[in-house]
Amino acid sequence: MTNPHYDLLVIGSGPAGESAALNAVKHDQRVAIIEQQSWVGGACTHQGTIPSKALRHTVRQVMRFNRNPLFRDLGDPRTLTYPRLLSAADDVIKRQVAMRSKFYQRNRIEVIAGQARFVDRNTLAISQQGREHRVSADQVVIATGSRPYRPDNIDFSHPRIYDSDTVLDMAHTPRKILIYGAGVIGCEYASIFSGLGIKVELINTRDRLLEFLDGEISDALSYHLRNLGVMIRDREEFSQVSATEDGVEVVLKSGKRLRGDALLWCNGRTGNTDSLNLDAIGLKADHRGQLEVDEHYETSVEGIFAAGDVIGWPSLASAAYDQGRSAAASARGKENCRFVDDVPTGIYTLPEISSVGATERELTEARVPYEVGRALFKDTARAQISGETVGMLKLLFHVETLEILGIHCFGAEAAEIVHIGQAIMKQKGEGNSLRYFITTTFNYPTMAEAYRTAALNGINRL
């Protein structure tokens, strides 16, 4: 029996794999996608973006209810257990899986269940439940994503020690949780747990939270996390982690001993490449399990492409969709494809953060003459109506040309608001100008009118 042959095989059904498969099939290629999990969607749908943002949304709703005096007549403030909170995420995951399954069915993309490994450049062996069969293709896109990094000296089999995947299986509500690692995932979960009324100690190995952010935004995040009750410990590293039936203890190199009911490890991720048998095709992953690609998303092996978290930065679902589409375009011979190097951040803390472009520090170090325009959400009618008064919109622009150089937003719906400014930043020449926001009429009351306020604030500084 001959092996099934395809124009393109995609390994992984997360955002990068899904977009690669759909792009290829829309151009009349025969495509199959290989997924080792029981359902499509990848880690984004089952362990990462979707469940964590669903958890956050529910916590945010409870927090808004509890601080609204109109609802006091309905009884005492509402509380939720963590397992009950997870049920809301499960509902969203099921809808996402159903929707994405329809994508493959409607477009006649075959979904192959099992673990893939390379036999040669054009052949993959698929293993499932002790059985193995082979498939072949002209081109392959590796979109296997990533998983949490696990140090060897920490016992992740202990029921009180979790990473960002296994925390979605936590069956109890801890009174106090230790979070090691204050990157995006650590800060998001610190918001979620503190919003539930759980004591949180956030252990940050760096000098400040999310150092890649504009300094003012990073400071605002620190302030509001502390306002939620989070204890932030900067410039700390662990030396030992121990857990018993009663709790978990983290000993820091500084000598501090932190104790809690659970530990959530959020310190780094590893590309899912170790089971692909890359040696069979002469392809090497780096020390973090990630693959290097060129501007066409092709690896060092001809005909083998990669996209999404498995190639590292920016490790965002939003970027992965575009990367997968570009990888599929390159695989079918398209000479010009978009290499994703301009991506807005979307950080779903409470409040959320989003930014695009340069920070003040970057502009200062580059000797770029810039000015700042700010709009505080507390001064906008829409924020006052919704009760979401925390936050601001910050515009950085060139003092001579008025070109917008950076947009930084902190507060409710920041990840939506940033795209208005991003659209103007992407215009060529004089199209990218602060004056757009001054000469454009915005609906009132909206959060979007913060752009007009910030633009006027900035131009008045000149």
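Let us start at His296, which sits in the loop between strand 16 (269-271) and strand 17; helices (H or I, at least four residues) and strands (E, at least two) are DSSP runs, numbered from the N terminus. The model you are looking at is a predicted one, in which local features need pLDDT of at least 70, side-chain atom pairs count only at pLDDT 80 or more, and totals for chains, interfaces and linings use all residues. Residues are numbered from 1 along each chain as its sequence is written, and side-chain values use heavy atoms, with hydrogens and water left out.

His296 is partly exposed, with a relative accessible area of 24%. Here buried means under 20% relative accessible area, exposed over 50%, and partly exposed in between (1.4 Å probe, protein chains only). Leaving aside neighbours within four places in sequence, His296 is in contact with Phe305, Ala327, Ser330, Glu335 and Cys337, where contact means heavy atoms within 4.5 Å. His296 and Arg338 are 42 residues apart in sequence, yet their C-alpha atoms are 8.0 Å apart in space.

From here we can turn to the largest nonpolar core, which has 50 residues. Such a core is a set of buried Ala, Val, Leu, Ile, Met, Phe, Trp, Tyr and Cys residues joined through side-chain atoms within 4.5 Å. The members that touch the most other members are Leu9, Ile11, Phe118 and Ile142. Two or more residues each come from strand 1 (5-11), helix 1 (15-26), strand 2 (31-35), strand 4 (115-120), strand 5 (123-128), strand 6 (131-142), strand 17 (304-306) and helix 7 (317-331). Helix 1 gives the most to this core, with 6 residues. To see how one member is placed, take Phe118: beyond its neighbours within four places in sequence, Phe118 is in contact with Ile11, Thr123, Leu124, Val140, Ile142, Leu276, Asn277, Leu278, Ala280, Ile281 and Ile304. Apart from this core lies another, of 43 residues, among them Leu86, Val200, Leu209 and Ala220.

Helix 1 also holds Asn23, a buried residue with a relative accessible area of 13%. Not counting neighbours within four places in sequence, Asn23 is in contact with Arg325, Ala328, Ala329 and Arg332.

Next comes the second largest pocket, with a volume of about 390 Å³. On a 1 Å grid over the protein atoms alone, a pocket is an open set of points where a 1.4 Å probe fits, with protein on both sides within 12 Å along at least five of seven lines, and lining residues have an atom within 4 Å of a point. Grid points are joined across faces, edges and corners, and a volume is the space filled by probe spheres set on the points. The lining has 17 residues, of which Met63, Arg67, Pro351, Glu388 and Val390 are the closest to the pocket's centre. Helix 3 (49-67) and helix 6 (215-227) each supply at least two lining residues, and the largest share, 6 residues, comes from helix 3. By type, the lining divides into 6 nonpolar, 5 polar and 6 charged residues; Ala, Val, Leu, Ile, Met, Phe, Trp, Tyr, Cys and Pro count as nonpolar, Asp, Glu, Lys and Arg as charged, and the others, Gly among them, as polar.

Pro351 deserves a second look for its backbone. A cis peptide bond joins Leu350 and Pro351, with omega about 0 degrees, and Pro351 is in the loop between strand 18 (345-347) and strand 19 (353-357). Another cis peptide bond joins Tyr444 and Pro445, with omega about -5 degrees; Pro445 lies in the loop between helix 11 (435-439) and helix 12 (450-459).

Two other loop residues have a positive phi without being glycine. Phi of Leu210 is near 45 degrees; Leu210 lies in the loop between strand 10 (199-203) and helix 6 and is buried, with a relative accessible area of 5%. Phi of Ser315 is near 55 degrees; Ser315 is in the loop between strand 17 and helix 7 and is partly exposed, at 36% relative accessible area.

Our last stop is helix 10 (residues 414-425), where Gly421 lies. Gly421 is buried, with a relative accessible area of 0%, and touches Ile407, Phe437 and Tyr451, not counting residues up to four places away in sequence. Gln422 is also in helix 10 and is buried, at 16%. Outside its neighbours within four places in sequence, Gln422 is in contact with Pro344, Val356 and Ile407.
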